[in-house]
Amino acid sequence: MDPTTDNAGQRGDADTARTALEALRAEIAKAVVGQDPAVTGLVVALLCRGHVLLEGVPGVAKTLLVRALASALELDTKRVQFTPDLMPSDVTGSLVYDTRSAEFSFQPGPVFTNLLLADEINRTPPKTQSSLLEAMEERQVTVDGTPRPLPEPFLVAATQNPVEYEGTYPLPEAQLDRFLLKLTIPLPSRQDEIDVLTRHASGFDPRNLRAAGVRPVAGPADLEAARAAVAKTTVSPEITAYVVDICRATRESPSLTLGVSPRGATALLATSRAWAWLTGRDYVIPDDVKALALPTLRHRVQLRPEAEMEGVTADSVINAILAHVPVPR
C-alpha cells in the first residue's frame with residue numbers, strides 16, 4: 001500500500017471524527033440549554049480515557065447532560081444513586097447462586113456500561129467510593145479473584161452538591177486525583193432559564209430524549225479515530241516545560257497546602273492535546289494549556305484554612321499562577 005494514500009486515509013478518518021464530535025454540541029443543545037463548556041469537558045475526558053467530577057447544585061441538568069451525551073454518541077449509560085447504605089457489590093456486581101445449575105454465576109453491576117453516572121458520590125461511605133477506583137484506573141472489576149473487563153469506551157461522571165455537606169463523606173485527595181477533570185455546572189443565565197421554561201411549556205419531556213430530537217451523530221468508531229489522532233498531536237519541549245512550571249508553581253504557592261502532583265501534570269498535558277485537536281490543530285499552543293488548566297487542576301490542590309477564610313478559591317490561585325508563569329514564545 002502507498003504510505004501517502006494510507007496517511008491521507010487516516011487524516012480523513014480523523015477529520016470525519018472531529019466533525020462528528022463537533023456536532024455533539026448542537027445535538028445535546030436540543031435537550032440541555034447553555035452547558036457548552038461541560039459538553040466539551042466530557043468529550044475531552046472521553047478522548048483522554050479519563051473521568052469527570054461534575055459539581056453543581058441540584059436541578060442544573062447534570063443527569064440530563066450525561067444521558068443526552070450517551071444518546072448522541074450511541075453509548076450505553078446507567079445511573080447509580082449513591083446513598084449511605086449502598087454496598088460495593090451494588091456498583092460492581094456480585095456472585096449469585098443459581099439453584100438450577102447449583103453453581104455461582106456473576107451478576108454484573110451497573111458499572112458495566114459506557115457512561116456511568118455516579119450521582120452524589122460523596123453521600124456514600126469511603127468503602128463504596130473506593131469500589132469505583134479499580135474500575136476507573138484498571139477498567140476492570142475483580143470479584144472472587146476473577147478480573148472482568150469493562151466495556152470500551154468507559155467513563156465515570158460523578159456528581160456532588162457544592163453547598164450541602166451534612167451527612168456526606170468528602171472524597172479524599174487520592175481519589176479526587178483519579179478524576180481527569182472537575183467541571184462546575186453553573187446556574188443558567190436569565191435568557192437560558194427562559195429558554196428552559198419555554199421548552200417545558202411546549203411539551204419537552206427530559207425523560208424522552210428521542211422525542212426531543214436527540215439523535216446519534218457520532219459513535220465508538222469516531223472516538224477511536226479521534227483518540228488515535230490526539231495521540232499524534234505534537235507537543236514541543238517548550239510546552240512540556242510550561243506545563244511543568246505551572247504545576248510546580250502550585251506546590252510553592254503560599255495559599256496551598258497541597259499542590260499538583262506529577263499525575264496532574266500528565267493530565268494537563270493530555271487534556272491540552274485533546275483540546276488542541278478538537279480546535280483543528282495537530283500541535284499544542286500555550287492557550288490550549290490555559291484553557292484546560294482550571295478544570296484539570298482545581299480539584300488537585302488544597303487550600304490553606306486561613307486562605308479559605310479570606311475568600312481565596314482554587315480557581316483564583318490557579319489563575320494567578322497562569323498570570324505569573326512565563327509563557328513560551
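Which residue lies over the face of tryptophan 277? Arginine 18 does, at 4.6 Å from the ring centre. This is a predicted model. The briefing covers its ring contacts, an open sheet of 5 strands, and helix α2, which packs on that sheet.

**Aromatic rings and charges**

- The count of aromatic pairs comes to 2. One of them joins phenylalanine 106 and phenylalanine 112 in an edge-to-face arrangement. Their ring centres are 5.7 Å apart, and the planes meet at 70°. That pair counts as edge-to-face because the angle is over 60 degrees.
- Phenylalanine 106 has a relative accessible area of 18%. The cut-off for buried is under 20%, so phenylalanine 106 is buried.
- Phenylalanine 112 is at 17% relative accessibility, so this ring partner also counts as buried.
- Phenylalanine 106 has a charged neighbour too: the charged end of arginine 148 sits over its ring. The distance to the ring centre is 4.1 Å.

**The sheet**

- The strand order is β2-β5-β8-β1-β9. Pairing is parallel, and the sheet is open.
- β2 (77-81) and β9 (181-184) are the edge strands. Each of these pairs on one side only.
- From one strand to the next, the twist averages 20°.
- Edge strand β2 pairs with β5 (residues 115-119) in the parallel sense, over 5 bridges.
- Arginine 79 has leucine 117 of β5 as its bridge partner.

**Helix α2 on the sheet**

- Helix α2 covers residues 36-47 and packs on the sheet. It touches β1 (52-55), β5, β8 (155-160) and β9.
- The direction of α2 makes about 165° with that of β9.
- How far apart are the end C-alpha atoms of α2? They are 17 Å apart. The helix has 12 residues, and at 1.5 Å a residue it should span 16 Å, so the two values agree.
- Is α2 mostly covered or mostly exposed? It is mostly covered, with 10 of its 12 residues buried.
- The buried residues of α2 include Val39, Leu42, Val43, Val44, Leu46 and Leu47. Ala38, Thr40, Gly41 and Ala45 are also on that list.
- Arginine 49 follows α2. Its phi is positive, near 55°.

Notes:
Residues are numbered from 1 along each chain as its sequence is written. This is a predicted model: local features need pLDDT of at least 70, side-chain atom pairs count only at pLDDT 80 or more; totals for chains, interfaces and linings use all residues. Side-chain values use heavy atoms; hydrogens and water are left out. Rings of Phe, Tyr and Trp (its six-membered ring) pair if their centres lie within 6.5 Å; planes under 30 degrees apart count as stacked, over 60 as edge-to-face and the rest as tilted. Buried means under 20% relative accessible area, exposed over 50%, partly exposed in between (1.4 Å probe, protein chains only). A charge sits over a ring if NZ of Lys or CZ of Arg is within 6 Å of the ring centre and within 35 degrees of the ring normal. Two strands pair if DSSP finds at least two bridges between them. Helices (H or I, at least four residues) and strands (E, at least two) are DSSP runs, numbered from the N terminus. Axes are lines fitted to C-alpha atoms, for helices over the stretch in contact, and angles run from 0 to 180 degrees between N-to-C directions. Contact means heavy atoms within 4.5 Å. The expected span of a helix is 1.5 Å times one less than its number of residues.
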